[in-house]
Amino acid sequence: MIILAIETSCDETSMALVEDGKNIIELVTHTQIDTFKKYGGVVPELSSRMHVKSLPLVYQELFSRVDFTINDVDHIAVTAGPGLIGSLLSGISFAKSLSLIHQKKLLAVNHLQAHIAAINIEHEIEFPILTLVVSGGHTELVYVESFTKYTKIGSTLDDAAGESFDKVARILNIGYPGGPEIEKYAQSGETTYEFPLPKTENEFDFSFSGIKSAAFNLNNQMAMKKIEINKNDFAASFQAKIIEILITKLKSASLRYPTKQIAIVGGVSANKALTKAAKKSFDNVIVPKIDYCTDNAAMVGVRAYFLAKEEKFQNIDFNAKVNLTIEDEI
Ligand code: KG4
Ligand code: ZN
């Protein structure tokens, strides 16, 4: 089964051809990051207009790289949420047009479930699998019993981990998106700055807003005292604290929910220091290849394959769902 998958939930316009939920025939992603660097974050209205422009170009590029056509595609899949409404609608409208013109069935994919599906691309999965989803919008611990059954066991009460990387990078004025920049600076830094360890009522929940405030206050205090901040050390200290929190929570969740494999997915799983720490703590950690960690359509095509096997096709009038949770069906 060949699925043409489309992802436009935030600032990447991505399309992939995916065979049988595993083989990525081709993946093309056009990122809007360069545009949003100057704003220090995504401007939603601008993002949706850029998707509208990029979608036909990405589509052309995708098919120019392979030796078959849309006629060889079985179904069309698109991310339906969660995400930015305008960005989601750009991808959904494009998918609906293709479906009408070429008479293909439509599959609507939950973006969070797609991040988890990315583990299927290069690994043999043994369910159940405890998964940490860490992205720009979400930080969640999920007990995954199959690619169609998800139970959320904890999540962030305020900022997402990726969001805190982005905000601290803005405080340090080191660029956007913050995660890869913080990681770069941290490589030649020491953990000399102190950040608080957050406490949550449910041991599997997360909170990152206290660390963000601490970073903000520390930066202000240093500025007032005219002491220059060591950006490398600051980045290293901040990153180490985030990793400590993520690994500690993952460890306690793994005691309550023992599984053969543990997965870390989403944009923040691109962080090498995080995956190194995870591999030290657990014997069997699965992290997608970097292209499949940050937003991409390959993972959407994988998730969609399992929807197609259950015959969960959509009518043409399905809509975007901005606040979809990991457990929701569309
Ligand atoms: O999954 P993703 O591409 O988009 C969402 O669904 O949110 O995640 C983007 C987030 C951003 O906050 C970005 O700063 C973070 O992932 N990120 C990283 C790294 N690469 C991307 N965070 C830490 N280290 C990285 N290397
Ligand atoms: Zn994402």
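A residue is called buried when its relative accessible area is under 20%, exposed when that area is over 50%, and partly exposed in between. The structure discussed here is a predicted model. By this criterion Gly 178 is buried, because its relative accessibility is 0%. Gly 178 belongs to helix H6. Its C-alpha atom is separated by 8.2 Å from that of Glu 163, although the two positions lie 15 residues apart in numbering along the chain.

The loop that precedes this helix merits attention. Pro 177 is located between helix H5, which spans residues 161–172, and helix H6, which spans 178–187. The peptide bond that joins Tyr 176 to Pro 177 is cis, with omega about -5°. Asn 173 is placed in the loop between H5 and H6 as well. Its phi is near 60°, a positive value in a residue that is not glycine. Asn 173 counts as exposed because its relative accessibility is 65%.

Comparable backbone features occur elsewhere in the chain. A cis peptide bond leads from Phe 127 to Pro 128, with omega near -5°. Pro 128 is situated in the loop between H4 and strand E6, the latter comprising residues 129–134. Lys 226 has a positive phi of about 60° and is not a glycine. This lysine is found in the loop between helix H7 (209–224) and helix H8 (231–256). With a relative accessible area of 76%, Lys 226 is exposed.

The metal site comes next. Which residues coordinate the zinc ion (ligand 2)? The donors are NE2 of His 111, NE2 of His 115 and OD of Asp 295, at 2.0 to 2.1 Å. Along the sequence these donor residues follow the spacing H-x3-H-x179-D. The pair His 115 and Asp 295 thus links distant parts of the chain, the two residues being 180 residues apart. His 115 lies in helix H4 (residues 111–117), whereas Asp 295 lies in the loop between helix H10 (290–293) and helix H11 (297–309). Both His 115 and Asp 295 are buried.

Why is the geometry of the zinc ion (ligand 2) classed as irregular? The angles among its 4 donor atoms run from 96 to 137°. Four donors count as tetrahedral only if all angles lie between 85 and 135 degrees, so the upper end of this range excludes that class. Square planar geometry would require opposite donors over 155 degrees apart, so that class is excluded too, and the site is irregular.

Two of the zinc-coordinating residues also appear in the surroundings of ligand 1. In total, 21 residues surround ligand 1, and the closest are Gly 136, Asp 166, Gly 179, Glu 183 and Asp 295. Several polar contacts can be described individually. A polar side-chain atom of His 115 lies 3.1 Å from an oxygen atom of ligand 1. A polar backbone atom of Gly 136 is 2.8 Å from an oxygen atom of the ligand. On the side chain of Asn 271, an N or O atom is 3.0 Å from a nitrogen atom of ligand 1. Taken alone, ligand 1 exposes 550 Å², and the protein buries 89% of that area.

The cysteines can be treated briefly. A disulfide is a covalent bond between the sulfur atoms of two cysteines. The count in this model comes to 0 disulfides. The sulfur of Cys 10 has its closest cysteine sulfur in Cys 293, 16 Å away, and this is too far for a bond because the sulfur atoms of a disulfide must lie within 2.5 Å. Cys 293 is likewise in no disulfide. The two residues also differ in accessibility class: Cys 10 is partly exposed at 23% relative accessibility, whereas Cys 293 is buried at 1%.

The N-terminal region offers two further comparisons of sequence and space. Ile 3 is part of strand E1 (residues 2–7). At 0% relative accessibility, Ile 3 is buried. The C-alpha atoms of Ile 3 and Ile 25 are separated by 9.9 Å, with 22 residues of separation along the chain. Asp 20 is located in the loop between strand E2 (12–19) and strand E3 (23–31). Its relative accessibility of 36% places Asp 20 in the partly exposed class. Asp 20 and Tyr 39 are 19 residues apart in sequence, yet their C-alpha atoms are 40 Å apart in space.

Methods: Residues are numbered from 1 along each chain as its sequence is written. Chains are lettered from A and ligands numbered from 1 in the order in which they are written. This is a predicted model: local features need pLDDT of at least 70, side-chain atom pairs count only at pLDDT 80 or more; totals for chains, interfaces and linings use all residues. Side-chain values use heavy atoms; hydrogens and water are left out. Donors are N, O and S atoms within 2.8 Å of the metal (3.2 Å for Na, K and Ca); water is not among the atoms, so sites may look incomplete. Four donors count as tetrahedral if all angles lie between 85 and 135 degrees; four count as square planar and six as octahedral if opposite donors are over 155 degrees apart and all others between 65 and 115; anything else is irregular. Helices (H or I, at least four residues) and strands (E, at least two) are DSSP runs, numbered from the N terminus. Buried means under 20% relative accessible area, exposed over 50%, partly exposed in between (1.4 Å probe, protein chains only). A residue is near a molecule or strand if one of its heavy atoms lies within 4 Å of it. A polar contact is a pair of N or O atoms within 3.5 Å; within protein, one must be able to donate a hydrogen and the other to accept it, and residues adjacent in sequence count only if both atoms are side-chain atoms. Accessible areas come from the Shrake-Rupley method with a 1.4 Å probe; for residues, only the protein chains shown count as cover.
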